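Here are a few exercises to work through with the model open in your viewer. Try each one yourself before you read the solution.

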Amino acid sequence: SANWTTAIEFEDITYKKSGDGVARIAFNRPEDAMLPAETVAELYKAFLDAREDTSIGVVLFSGEGPSKKDGKWAFCSGGDQNARGHQGYVD
């Protein structure tokens with residue numbers, strides 16, 4: 001089992017690294033599987049940090065859970081359609 005430490009604190013995701021070259025980026029929005037623009041910005045920062053860390057060889061991308069609403073685990077890679085306008089995503 002890996003010894004995970006938080007690499008950067010975020011609001012909507014968790015970003016942890018282990019001492020054996022693995023990073024774990026996970027959605028931490030179990031109540032809402034959609035991705036607002038703020039979450040996408042956090043993901044970008046975490047993936048950029050993992051990319052530039054020469055000690056990282058693998059990035060696990062998953063979701064935290066389970067949901068407090070129904071106790072189930074879920075993972076969704078889609079965007080929040082409520083934040084999307086007629087011209088697509090803005091900002």
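What follows is a set of exercises on a predicted model, each with a worked solution.

**Exercise 1. Work out the order of the strands in the sheet, and find which strands sit at its edges.**

Step 1: Trace the pairing from strand to strand. Four strands make an open sheet, ordered S1-S2-S3-S4, with mixed pairing.

Step 2: Look for strands that pair on one side only. Those are S1 (5-6) and S4 (58-63), the edge strands.

Step 3: Now zoom in on S2 and S3. S2 covers residues 13-17 and S3 covers residues 22-27; they run antiparallel and are joined by five bridges. To check the register, find Thr-14, which stands opposite Ala-26 in S3.

**Exercise 2. Describe how helix H1 sits on the sheet, and say which of its residues face inward.**

Step 1: Place the helix. H1 (residues 37-52) packs on the sheet and touches S2, S3 and S4, and its direction makes about 10° with that of S2.

Step 2: Check its length. The 16 residues of H1 reach 23 Å from first C-alpha to last, close to the expected 22 Å.

Step 3: List the buried positions. They are Thr-39, Glu-42, Leu-43, Ala-46 and Ala-50. Viewed down the axis of H1, these fall within an arc of 100°, so they line one face of the helix. The general rule helps here: an α-helix has 3.6 residues a turn, so residues three or four places apart point the same way.

Step 4: Turn the helix over. Exposed on the face away from the buried side are Glu-38, Tyr-44, Lys-45, Arg-51 and Glu-52. As for the buried residues of H1, their cover includes S2, S3 and S4.

**Exercise 3. Decide whether Phe-10 is buried or exposed, and find its contacts.**

Step 1: Locate the residue. Phe-10 is in the loop between S1 and S2.

Step 2: Apply the cut-off. Buried means under 20% relative accessible area, and Phe-10 has 17%, so Phe-10 counts as buried.

Step 3: Look for partners, skipping neighbours within four places in sequence. Phe-10 is then in contact with Tyr-15, Glu-42, Lys-45 and Ala-46. Glu-42 and Ala-46 are among the buried residues of H1, while Lys-45 is on the exposed face.

Step 4: Add a distance. Phe-10 and Thr-39 are 29 residues apart along the chain, and their C-alpha atoms are separated by 8.9 Å.

**Exercise 4. Find the aromatic pairs and classify each one.**

Step 1: Search the whole structure; two pairs turn up.

Step 2: Take Phe-27 and Phe-61. Their ring centres are 5.3 Å apart and their planes are at 50°, so this pair is tilted. Phe-27 lies in S3 and Phe-61 in S4, so the pair ties together parts 34 residues apart in sequence.

Step 3: Compare burial. Phe-27 is buried at 9% relative accessible area, whereas Phe-61 is partly exposed at 36%.

Step 4: Take Phe-47 and Phe-61. This pair is edge-to-face, with 5.3 Å centre to centre and 70° between the planes. Phe-47 lies in H1 and Phe-61 in S4, so the pair ties together parts 14 residues apart in sequence. Phe-47 is partly exposed, at 33%.

Step 5: Put the pairs together. Phe-27, Phe-47 and Phe-61 are linked by ring pairs into a cluster.

Methods. Residues numbered from 1 in each chain as written. Predicted model: local features only at pLDDT ≥ 70, side-chain atom pairs only at ≥ 80, totals over all residues. Heavy atoms only, no water. Pairing = 2+ DSSP bridges. Helix = DSSP H or I, 4+ residues; strand = E, 2+ residues; numbered from the N terminus. Contact = heavy atoms within 4.5 Å. Axes fitted to C-alpha atoms, helices over the stretch in contact; angles between N-to-C directions. Expected span 1.5 Å × (residues − 1). Buried < 20%, exposed > 50% of the residue type's maximum accessible area, 1.4 Å probe, protein only. Arc of directions from axis to C-beta. Phe/Tyr/Trp six-rings, centres within 6.5 Å; stacked < 30°, edge-to-face > 60°.
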